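Pull the model up in your viewer and keep the sequence alongside. We'll start with charged side chains and then work through the rest of the fold.

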Amino acid sequence: MTNLEEILSYLRVILFGIIFLMAFIYSIPIICITRFHRSNMILTLNICLVTALCSIYWFFFYLMVMLTPVRTFDTVVDSCTFVNMVSAIITIQVPFSFITTSINRFCRIIYHNKPLFKRKRWVFICILSQWISGILIMLPILLGIHANCVISRWVDSYKFIFMVICPSFIFFIINSLIYIKVRLLSRRVRSSVSLLIRVSGSEHKSKISRRDVRLLRHMIIMFSIFIGGWTPLYLLLAIENAFYIHPILLACFTIWCELALLCDIIDLYLYNHELRKYLQTIFSRCMPKINQT
């Protein structure tokens, strides 16, 4: 292993560790504090938890590769099907968590008169469907895993399609429909001032729509960062069988993918003012106690 490869290996492990810690810290208040148990918070919690799960998996995987490469290789070969399936199912949950958020917002805005779509039950139904869909979509990979951990060429292309292309397409379609619907609703409200007076609670619905639109804009930014980070890596893996890919280039694209995840987590901290202030308060209270010890 050259010096550059060694540096990239350390950096790869460190970044996954940082991402896990930041996602985990973000998740704790939402899980433990009752006032954070809102639909928007639960959806961002879902993104954080799958990011943390994905990060901790790859953290230990690359740590083992770095510390005990031969033993790790033997373990992967012996349990090839399990390792490939678990890694694929965990990793695909990250883009699917963005799709889950968009679907939830879509139903909440388009069908705002339906009580089901305003309840937390609908959020948990979406999250459960996300995991079931991820597992079912990754099942065909089993057909491409053969003896001695020989993996068919189409497997990486399949992952690229369902981890990058399909989520991007679905995300674009859903958010385009939401944008069209919101524009139509806003035109109707502006064209008829009497509607705001005659219909009770319509102003409140308008506020909800604006809050939903702000969340969707935020999700679009996060998803764009995610796609920009993950596309080069999975495209490279998809064409790896046809062309020789230098390990350093693969490591660089892996780090680029990690940086996209890190940017998304940092963006969550910046966007959620309420949770950020809560963490700042907790941190300011803990610091004097730490200094006294």
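Start with the salt bridge between R35 and E274, where the closest N and O atoms sit 3.0 Å apart. Keep in mind as you look that this is a predicted model. R35 is in the loop between α1 and α2, while E274 belongs to helix α10 (residues 273-292), so this pair ties together parts that are 239 residues apart in sequence. Neither end is hidden away: R35 is partly exposed at a relative accessible area of 43%, and E274 is partly exposed at 31%.

Which other side chain meets E274 in a salt bridge? That's R38, with an N to O distance of 2.8 Å. R38 also lies in the loop between α1 and α2 and E274 in helix α10, so here the pair ties together parts that are 236 residues apart in sequence. R38 counts as partly exposed too, because its relative accessibility is 37%, which falls between the 20% and 50% cut-offs. Put the pieces together and you have R35, R38 and E274 linked in a network of salt bridges. The total count of salt bridges comes to two. As a general matter, side chains of opposite charge can pair when their charged atoms come close.

Now zoom out to the fold. The protein chain has ten helices and zero strands, so if you read the elements from the N terminus on, you get α-α-α-α-α-α-α-α-α-α. Of its 293 residues, 42% count as buried. Take the contacts with a separation of 6 or more, and 80% of them are between residues 24 or more positions apart.

Next, the greasy part. The largest nonpolar core has 63 residues, and those with the most contacts inside it are V94, F98, M138, I141, F226 and Y234. Which elements give two or more residues to this core? They are α1 (3-32), α2 (39-67), α4 (80-110), α6 (154-191), α8 (202-238) and α9 (247-271). The largest share is that of α2, which supplies twelve residues.

F98 is a handy residue to click on here. Leaving out residues up to four places away in sequence, F98 touches I47, F171, M219, M222, F223, F226 and D264. F226 turns up in that list and is also among the residues with the most contacts inside the core. Apart from all this there is a second, separate core of ten residues, which includes C107, W122, C126 and V182.

Let's move on to the largest pocket, which holds about 1400 Å³ of space. Its lining takes in 42 residues, and the ones nearest the pocket's centre are W58, F61, Y62, L237 and L250. The elements that give two or more residues to the lining are α1, α2, α3, α4, α6, α8 and α9. Which of them gives the most? It's α2, with seven residues. So α2 is worth colouring on its own: α2 gives the most to this lining, and the largest share of the big nonpolar core comes from α2 as well.

Helix α3 (residues 69-78) has a residue worth a stop, namely T72. Is T72 buried or exposed? T72 counts as buried, because its relative accessibility is 5%, and the cut-off for buried is under 20%. The T72 side chain reaches the backbone oxygen of T68 at 2.7 Å. Setting aside neighbours within four places in sequence, T72 is in contact with M64 and V65.

Last stop: the loop between α5 (120-138) and α6, where you'll find N148. N148 isn't a glycine, yet it has a positive phi of about 60°. N148 counts as exposed because its relative accessible area is 69%, and the cut-off for exposed is over 50%. C149 lies in the loop between α5 and α6 too. Phi of C149 is near 60°, again a positive value in a residue other than glycine. If you plot backbone torsions for this model, look up N148 and C149.

Methods:
Residues are numbered from 1 along each chain as its sequence is written. This is a predicted model: local features need pLDDT of at least 70, side-chain atom pairs count only at pLDDT 80 or more; totals for chains, interfaces and linings use all residues. Side-chain values use heavy atoms; hydrogens and water are left out. A nonpolar core is a set of buried Ala, Val, Leu, Ile, Met, Phe, Trp, Tyr and Cys residues joined through side-chain atoms within 4.5 Å. Buried means under 20% relative accessible area, exposed over 50%, partly exposed in between (1.4 Å probe, protein chains only). Helices (H or I, at least four residues) and strands (E, at least two) are DSSP runs, numbered from the N terminus. Contact means heavy atoms within 4.5 Å. A polar contact is a pair of N or O atoms within 3.5 Å; within protein, one must be able to donate a hydrogen and the other to accept it, and residues adjacent in sequence count only if both atoms are side-chain atoms. A salt bridge is a side-chain nitrogen of Lys or Arg within 4 Å of a carboxyl oxygen of Asp or Glu. On a 1 Å grid over the protein atoms alone, a cavity is a set of points where a 1.4 Å probe fits but cannot get out, and a pocket is an open set with protein on both sides within 12 Å along at least five of seven lines; lining residues have an atom within 4 Å of a point. Grid points are joined across faces, edges and corners, and a volume is the space filled by probe spheres set on the points.
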